[in-house]
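Good morning, and thank you for joining. I would ask you to keep the sequence and the structure in view while I speak.

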Amino acid sequence: MRPIRVTTVVPYPPEPVYDFLDVMSNHEPFTNHMLKDWEYSGPERGIGAKAKVRATLGGRSEPVEMEVIAGERPKTIVEQNVGAGGRRVATGTYTLEQLPGGQTLIAFKYAWKHAPLSERLAAPLVRPVLTSANKRALARLAEQLPAALEATEHQACASTK
């Protein structure tokens, strides 16, 4: 199946955006329209950070396991997810690109490594549903990021006092 790609632009440089996305639990508020019942394990951030979620899309609900498998600050974070009882393996890659004026282009690419036959046959239906859900996730990320970064900045200031 061809990958899907969605983007958004935020008015922050890549470093704080990366630092926010690097924390697995920070993904829950902007993806909870499609990923529910988050359970975390492993480190809080970086390679090895894990989450078990229940994916609810297109009238279906199933458990999915996610793990950060690669990252390069402040450019990329790669998560692998496994669902459909291990028959679906895919990656979700966040790529951050510095834009003029201190902005960052956030691109998210979801790419299947393996998918069950039923999903491959339903690709013309699956891809638009997943694209729409991920567009919404990035829009929600862009909406929530100002408050999240402000809270992070206040925590950092408080810890240095």
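H33 is buried, with a relative accessible area of 17%, which is under the 20% cut-off. I should say at once that this is a predicted model. H33 sits in the loop that connects α2, residues 28–31, with β2, residues 35–41. What does the side chain of H33 meet there? A polar contact of 2.9 Å joins it to the side chain of R140. If we set aside neighbours within four places in sequence, the residues in contact with H33 are T56, A133, R136, A137 and R140.

Let me turn to the sheet. It is an open sheet of 7 strands in the order β1-β7-β6-β5-β4-β3-β2, and the pairing is antiparallel. Which strands lie at the edges? They are β1, residues 4–10, and β2, each of which pairs on one side only. From one strand to the next, the twist averages 20°.

At the β1 edge, β1 and β7 run antiparallel and are joined by 7 bridges. Two partners may help you to find the register: V6 has F108 in β7 as its bridge partner, and V10 has T104 in β7. In a regular strand, side chains alternate between the two faces of the sheet. For β1, the covered face carries I4, V6, T8 and V10, while R5, T7 and V9 belong to the uncovered face.

The next pair along is β7 with β6. These two strands pair in the antiparallel sense over 11 bridges, and T91 stands opposite A111 in β7. They form a hairpin with 3 residues between them, and G101 in the turn has a positive phi of about 75°. Helix α1, residues 14–21, lies across β1, β4, β5, β6 and β7, and runs at about 155° to β6.

Within β6, I would point out T93. Its relative accessible area is 15%, so T93 is buried. Beyond four places in sequence, T93 is in contact with I77, V78, A107, F108 and K109.

I come now to the aromatic residues. How many aromatic pairs does a search of the whole structure find? It finds 3. One of them is Y94 with F108: the ring centres are 4.8 Å apart and the planes lie at 50°, so this pair is tilted. Y94 belongs to strand β6, residues 88–99, and F108 to strand β7, residues 103–114, so the pair ties together parts that are 14 residues apart in sequence. Y94 counts as buried at 5% relative accessibility, and F108 counts as buried at 7%. Another pair is Y110 with W112, whose ring centres are 5.0 Å apart; their planes are at 85°, so this pair is edge-to-face. Y110 and W112 are both buried.

My last topic is charge. Side chains of opposite charge can pair when their charged atoms come close. The structure holds 7 salt bridges. One of them joins D37 and R54, with the closest N and O atoms 2.8 Å apart. This pair links distant parts of the chain, since D37 is in strand β2 and R54 is in strand β3, 17 residues apart. R54 counts as partly exposed, at 30% relative accessibility.

A further salt bridge joins E119 to R60, with the closest N and O atoms 3.8 Å apart. E119 lies in helix α3, residues 117–121, and R60 in strand β4, so the pair ties together parts that are 59 residues apart in sequence. Is each partner buried or exposed, or does it fall in between? At 5% relative accessibility, E119 counts as buried, whereas R60, at 49%, counts as partly exposed.

E119 also forms a salt bridge with R88, and here the closest N and O atoms are 2.6 Å apart. R88 lies in strand β6 and E119 in helix α3, so this pair ties together parts that are 31 residues apart in sequence. Both R88 and E119 are buried. Which residues belong to one network through shared partners? They are R60, E62, R88 and E119, joined by salt bridges that share partners.

To close, I would leave you with two places to inspect: the contact between the side chains of H33 and R140, and the salt-bridge network of R60, E62, R88 and E119. Thank you.

Methods
Residues numbered from 1 in each chain as written. Predicted model: local features only at pLDDT ≥ 70, side-chain atom pairs only at ≥ 80, totals over all residues. Heavy atoms only, no water. Helix = DSSP H or I, 4+ residues; strand = E, 2+ residues; numbered from the N terminus. Buried < 20%, exposed > 50% of the residue type's maximum accessible area, 1.4 Å probe, protein only. Polar contact = N/O pair within 3.5 Å; in protein donor to acceptor, adjacent residues only side chain to side chain. Contact = heavy atoms within 4.5 Å. Phe/Tyr/Trp six-rings, centres within 6.5 Å; stacked < 30°, edge-to-face > 60°. Pairing = 2+ DSSP bridges. Axes fitted to C-alpha atoms, helices over the stretch in contact; angles between N-to-C directions. Salt bridge = Lys/Arg side-chain N within 4 Å of Asp/Glu carboxyl O.
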